[in-house]
Amino acid sequence: SSDLTDEVTISGIATDDTGVRDVIVYRGSQKVAYAGGGTETAPLTSVPFSATAALEPGNNLLVVLVRDVNGLTTTQAVSVYRPPATTVAAQGTKAP
């Protein structure tokens, strides 16, 4: 039995003392989630986010980009490995 899955969920809370404008989660170059934050006039200092991304066989780079209300950004990345699918060929036997 195998517990392999073809997707992963990444979640957290982005914080910034001046205010979080938005949070974007990418798998490779594909945007998989967006969470809006506050504005300069109504800043939110923390924004929760959650994203579920489909995994391709091999290494999958997930990047969380956080932008504050001043336009400054920071990123955190994690690599998730999905092994390639395996096929099992059945071998038949011929009755005597």
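User: What makes the place of N60 a strand, and which strand is it?

Analyst: N60 sits in strand β5. Strands here are DSSP runs of E with at least two residues, helices are runs of H or I with at least four, and both are numbered from the N terminus. β5 covers residues 58-68. Keep in mind that this is a predicted model, where local features need pLDDT of at least 70, side-chain atom pairs count only at pLDDT 80 or more, and totals for chains, interfaces and linings use all residues. Residues are numbered from 1 along each chain as its sequence is written, and side-chain values use heavy atoms, with hydrogens and water left out.

User: Why is N60 called buried or exposed?

Analyst: Buried means under 20% relative accessible area, exposed means over 50%, and partly exposed lies in between (1.4 Å probe, protein chains only). N60 has a relative accessible area of 2%, so N60 is buried.

User: And what makes N59 buried or exposed?

Analyst: N59 also lies in strand β5. Its relative accessible area is 62%, and the cut-off for exposed is over 50%, so N59 counts as exposed.

User: Which residues does N60 contact, and how do you know that they are contacts?

Analyst: Contact means heavy atoms within 4.5 Å. Leaving aside neighbours within four places in sequence, N60 meets that rule with R27, A54, L55, V78, S79, V80 and R82. For N59, not counting residues up to four places away, the list is S79, V80 and Y81.

User: What makes the link between N60 and E56 a polar contact?

Analyst: The side chain of N60 reaches the backbone oxygen of E56 at 2.7 Å. A polar contact is a pair of N or O atoms within 3.5 Å; within protein, one must be able to donate a hydrogen and the other to accept it, and residues adjacent in sequence count only if both atoms are side-chain atoms. The 2.7 Å separation falls within 3.5 Å, so the distance rule is met.

User: How do you know that β2 and β5 pair?

Analyst: Two strands pair if DSSP finds at least two bridges between them. Strand β2 (residues 20-27) and β5 have seven bridges, in the antiparallel sense, so they pair. Within this pairing, V20 stands opposite D68.

User: Which sheet do these strands belong to, and why are some strands at its edges?

Analyst: The open sheet has four strands in the order β3-β2-β5-β6, with antiparallel pairing. β3 (30-36) and β6 (73-82) are the edge strands, because each has a single partner and one side of each is left without a neighbour in the sheet.

User: How do you know that β1 and β4 pair?

Analyst: Nine bridges join β1 (residues 7-15) to β4, and the two run antiparallel. The rule asks for at least two bridges, so this pair qualifies. T15 stands opposite S46 in β4. On β4 (residues 46-54), the covered face holds V47, F49, A51 and A53, while the uncovered face has S46, P48, S50, T52 and A54.

User: What makes a group of residues a nonpolar core, and which is the largest?

Analyst: A nonpolar core is a set of buried Ala, Val, Leu, Ile, Met, Phe, Trp, Tyr and Cys residues joined through side-chain atoms within 4.5 Å. The largest has eleven residues: A14, V20, V23, V25, A33, A35, V47, F49, A51, V64 and V66. Strands β2, β3, β4 and β5 each give two or more residues to this core. A35 is in contact with V23, V47 and F49, among others.
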